[in-house]
Amino acid sequence: MTAEPTTTPLPSAAASLPAPTPPSTAAEPPDLVGVDSLFLAGPFIQLLDPLTGRMSSDAQAPFTVLIDHFEAQGLAVHNAHRREAWGAELMRPEVCTRIDQDEIRKADVFVAMPGHPASPGTHIEVGWASAFDKPIVLLLEKGREYTFLVQGLHTVATVEYVEYTDIAEVLPAVDAALRRAVARHREAAGRVG
């Protein structure tokens, strides 16, 4: 079963959030011309096995599925998990913080799984992406509660939400959300400029 992307990530918050964006009826969604790179964020330290100091293959799976998917489309994917060998080569905080912020600043788009329980590091990265005015796609696990600031981020940034149970099953929805976020971001920039 494939979940449709939505801008109403939580039913309890639906009254305060905009109506879902319907899928495009065009044969091809807006293109990603000029989009060359993406930063993929998500929980990391909390997913490390305390015995091995590494992410299990199950914990890596959503990230590898997304990385492989985006790279197959020709996008350069920046991701701390892979860069730090899934925990085997953790960087010092003063190093990884600067690298992550620089890579988010340089990336054309930002995609994140905020995590449940909430990943503090990922939430900081979401804040940077918003502050750097990046088109954002947030992947929210179906049936989970997310912070109010994640739920309301679309009011201050260009955000598309995709609910999922299995990342591999919602890749078409992720692509559509990414294209919508980029198109909306370009449209807003055109109105300002």
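## Close-up views of a predicted model

**Figure 1. A buried phenylalanine sits in strand β2.** Phe39 is buried, with a relative accessible area of 1%. Its partner Phe110 also counts as buried, at 1% relative accessibility. Keep in mind for this and every view below that the model is predicted. The structure holds 1 aromatic pair, and Phe39 and Phe110 form it, stacked at 5.9 Å centre to centre with 5 degrees between the planes. Because Phe39 belongs to strand β2 and Phe110 to strand β4, the pair ties together parts that are 71 residues apart in sequence.

**Figure 2. The whole protein, for orientation.** Before going on to the other close-ups, it helps to have the overall layout in mind. The protein has 6 helices and 6 strands. Following the sequence, you will meet them in the pattern β-β-α-β-α-α-β-α-β-α-β-α. Of the 193 residues in the protein, 46% are buried. Among contacts with a separation of 6 or more, 68% join residues 24 or more positions apart.

**Figure 3. Helix α4 and the elements it packs against.** How far apart are the end C-alpha atoms of α4, and what span should its 12 residues give? The end atoms are 17 Å apart, which agrees with the 16 Å that the 12 residues should span at 1.5 Å a residue. On the buried side of the account are Thr122, Glu125, Val126, Trp128, Ala129 and Ser130. These buried residues of α4 pack against β2, α3, β4 and β5. Just after α4 comes Asp133, with a positive phi of about 60 degrees.

**Figure 4. The largest pocket and its lining.** This pocket has a volume of about 430 Å³. It is lined by 23 residues, and the closest to its centre are Phe44, Ile45, Asp100, Gly121 and Glu125. Glu125 is also one of the buried residues of α4, so you may recognise it from the previous view. Which element gives the most to the lining of the largest pocket? Helix α4 does, with 6 residues. At least two lining residues each come from β2, α2, α3 and α4. Sorted by class, the lining has 13 nonpolar, 7 polar and 3 charged residues.

**Figure 5. The second largest pocket.** About 280 Å³ of space lies in this pocket. Its lining is made of 14 residues, and those nearest its centre are Pro43, Leu47, Met113, Glu141 and Tyr164. Helix α1, residues 57–72, gives the most to this lining, with 4 residues. By class, the lining of the second largest pocket divides into 8 nonpolar, 3 polar and 3 charged residues.

**Figure 6. Gln60 in helix α1.** Is Gln60 buried or exposed? With a relative accessible area of 19%, Gln60 is buried, because the cut-off for that class is under 20%. Gln60 is found in helix α1, the helix that gives the most to the lining of the second largest pocket. Leaving aside neighbours within four places in sequence, Gln60 is in contact with Met55 and Trp86.

**Figure 7. Two residues with positive phi.** Start with Ala85, in the loop between α2 (80–83) and α3 (93–106). Phi of Ala85 is near 50 degrees, a positive value in a residue other than glycine. Ala85 is partly exposed, with a relative accessible area of 25%. Now turn to Asp133, in the loop between α4 and β5 (136–141). Phi of Asp133 is near 60 degrees, again a positive value in a residue other than glycine. Asp133 counts as partly exposed, at 47% relative accessibility.

**Figure 8. A cis peptide bond before Pro117.** Which form does the peptide bond from His116 to Pro117 take, cis or trans? This bond is cis, with omega near 0 degrees. To find the spot, look in the loop between β4 (109–112) and α4 (120–131), where Pro117 has its place. Both flanking elements have appeared in earlier views: β4 holds Phe110 of the aromatic pair, and α4 gives 6 residues to the lining of the largest pocket.

Technical notes
Residues numbered from 1 in each chain as written. Predicted model: local features only at pLDDT ≥ 70, side-chain atom pairs only at ≥ 80, totals over all residues. Heavy atoms only, no water. Buried < 20%, exposed > 50% of the residue type's maximum accessible area, 1.4 Å probe, protein only. 1 Å grid on protein atoms, 1.4 Å probe; cavity = no way out; pocket = protein on both sides within 12 Å on 5 of 7 lines; lining within 4 Å. Points joined across faces, edges and corners; volume = space filled by probe spheres on them. Nonpolar A, V, L, I, M, F, W, Y, C, P; charged D, E, K, R; others polar. Contact = heavy atoms within 4.5 Å. Expected span 1.5 Å × (residues − 1). Phe/Tyr/Trp six-rings, centres within 6.5 Å; stacked < 30°, edge-to-face > 60°.
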